[in-house]
Each structure stands twice: as C-alpha cells, then as structure tokens.
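Visitor: I have a new model open on my screen and would like to learn how to read it. Could you walk me through it, one feature at a time?

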Amino acid sequence: MKLHNLKPAEGSTHKEKRLGRGEASGKGGTSTKGNKGGQSRAGYQRKNAHEGGQMPIQRRIPKRGFKNNNRIEFKVFNLGQIEQLNEKYGFNEFSNETLYINGLINRTDKVKILGNGELKAKLTFKVNAVSEKAKAAIESAGGSIEIL
C-alpha cells in the first residue's frame, strides 16, 4: 500500500450541494438563506449582544454597588484550623508551598492567618498576611512569622 493508492471508504464521501446555481438545482433563488435582511447578505456579521434594536439586557438591568478592581482575595486560616491541620498533616512550617502540596490552596492563592482559636504548636509561618491577634498568639506559642 502506498499513499497514491489510498481512497476514502465507500459511501463516506459525496458531492457538495452547490447553492445559488439556478432554480433547477433545488437550491436556487435565495440559496437557503430566507428572504431579505442582513443574514441573507454576503459579508453579514452578527454583532455580539445585539438584540435587533431592542434595548440590550446589559442596559436594561440596573447597576448597583461598587466593585474594587484592586481588591486582594485571601484564603483565610484561623489559628484553630491551623492546630487541626497540624495534627492531620504534621506541619513544621506553615507556608503557601506546604499548603499547595497538601491540596489546601491553589498555586496563586494568597494566605492570611486570623486569630480565632488557640495555637499550641510551635510553627514557622511564611504567609502573605497575619492579623495582629494571630501574630501575638503565634509569638506567644514560640513560633515565628515571615510575611511574603
């Protein structure tokens, strides 16, 4: 078998139906595009979100509130949660890397420690943000904090 011998399977290919080649062809006249209007014309391009002159939905619905584009989204961990995670995973360092390796956060997530609960373990923290209460609790437990 060679490349010039290859042929498609029997019945898998058929002749294309040519549009707009006279009434006898069965697809003459409007060439299956209907009557008149933009969609029957050559070069027609549908505009995204155009509703045929009706007031578009993004203009009908009222806009409310304020969205801060500069907001920084944190994954939050309380001291009580950290104590439980330490028992489960046996952390000696609580950092974004160790959390990612254990499947607790995504690669790009920022981590913040909050002071709710108690921390008994002496841990090293390498996170993006820490609250004042959490900072005091970590240092009193003998741990250290490094802000990334």
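Guide: Let's begin with a definition: two strands pair if DSSP finds at least two bridges between them. Strands themselves are DSSP runs (E, at least two residues), and helices are runs of H or I with at least four residues, all numbered from the N terminus. With that in hand, look at phenylalanine 77, which stands opposite isoleucine 113 in S3.

Visitor: Before we go on, what kind of model is this, and how are residues numbered?

Guide: This is a predicted model, where local features need pLDDT of at least 70 and side-chain atom pairs count only at pLDDT 80 or more, while totals for chains, interfaces and linings use all residues. Residues are numbered from 1 along each chain as its sequence is written, and side-chain values use heavy atoms, with hydrogens and water left out.

Visitor: Thanks. In what order do the strands around S3 lie?

Guide: In general, strands of a sheet pair through backbone hydrogen bonds, either parallel or antiparallel. Here, 3 strands make an open sheet in the order S1-S3-S5, and the pairing is parallel. Strand S1 (74–78) and strand S5 (129–130) are the edge strands, each pairing on one side only. Between S1 and strand S3 (residues 110–114) there are 5 bridges, and asparagine 78 stands opposite leucine 114 in S3. On the other side, 2 bridges join S3 to S5, with alanine 129 in S5 as the bridge partner of lysine 112.

Visitor: And what is the order of the strands in the sheet that holds S4?

Guide: That open sheet also has parallel pairing, and its 3 strands follow the order S2-S4-S6. Its edges are strand S2 (93–95) and strand S6 (144–147). The twist averages 10° from one strand to the next; for such angles, axes are lines fitted to C-alpha atoms, for helices over the stretch in contact, and angles run from 0 to 180 degrees between N-to-C directions. S2 and S4 share 3 bridges, and serine 95 has lysine 126 in S4 as its bridge partner. Strand S4 (residues 124–127) is joined to S6 by 4 bridges; threonine 124 stands opposite serine 144, and valine 127 has isoleucine 147 as its partner.

Visitor: Which side chains of S3 and S4 are buried?

Guide: Buried means under 20% relative accessible area, exposed over 50%, and partly exposed in between (1.4 Å probe, protein chains only). Along S3, Val111 and Ile113 point to one face and are buried, whereas Lys110, Lys112 and Leu114 point to the other and are not. S4 alternates as well: Phe125 and Val127 are buried on one face, and Thr124 and Lys126 on the other are not.

Visitor: Which residues touch the most other members of the largest nonpolar core?

Guide: A nonpolar core is a set of buried Ala, Val, Leu, Ile, Met, Phe, Trp, Tyr and Cys residues joined through side-chain atoms within 4.5 Å. Of the 18 residues in the largest one, Phe77, Ile82, Phe94, Val111, Ile113 and Phe125 touch the most other members. H2, S3, S4 and helix H4 (132–140) each supply at least two residues, and the largest share, 3 residues, comes from H2. Helix H2 (residues 79–89) lies across S1 and S3, at about 80° to S1. Counting contact as heavy atoms within 4.5 Å, phenylalanine 125 touches residues including Ile82, Phe94, Leu119 and Ile138.

Visitor: How many aromatic pairs are there?

Guide: A pair of aromatic rings is described by the distance of the centres and the angle of the planes. Rings of Phe, Tyr and Trp (its six-membered ring) pair if their centres lie within 6.5 Å; planes under 30 degrees apart count as stacked, over 60 as edge-to-face and the rest as tilted. The whole structure has 4 such pairs. Tyrosine 89 and phenylalanine 91 are stacked, at 5.7 Å centre to centre and 25° between the planes. Phenylalanine 91 and phenylalanine 94 are edge-to-face, at 5.6 Å and 85°. Ring pairs link Phe77, Tyr89, Phe91, Phe94 and Phe125 into a cluster.

Visitor: Is tyrosine 89 buried or partly exposed?

Guide: Tyrosine 89 is partly exposed, because its relative accessible area is 30%. Phenylalanine 91 is buried at 9%, and phenylalanine 94 counts as buried at 0%.

Methods. Lists of a residue's contacts leave out its neighbours within four places in sequence.
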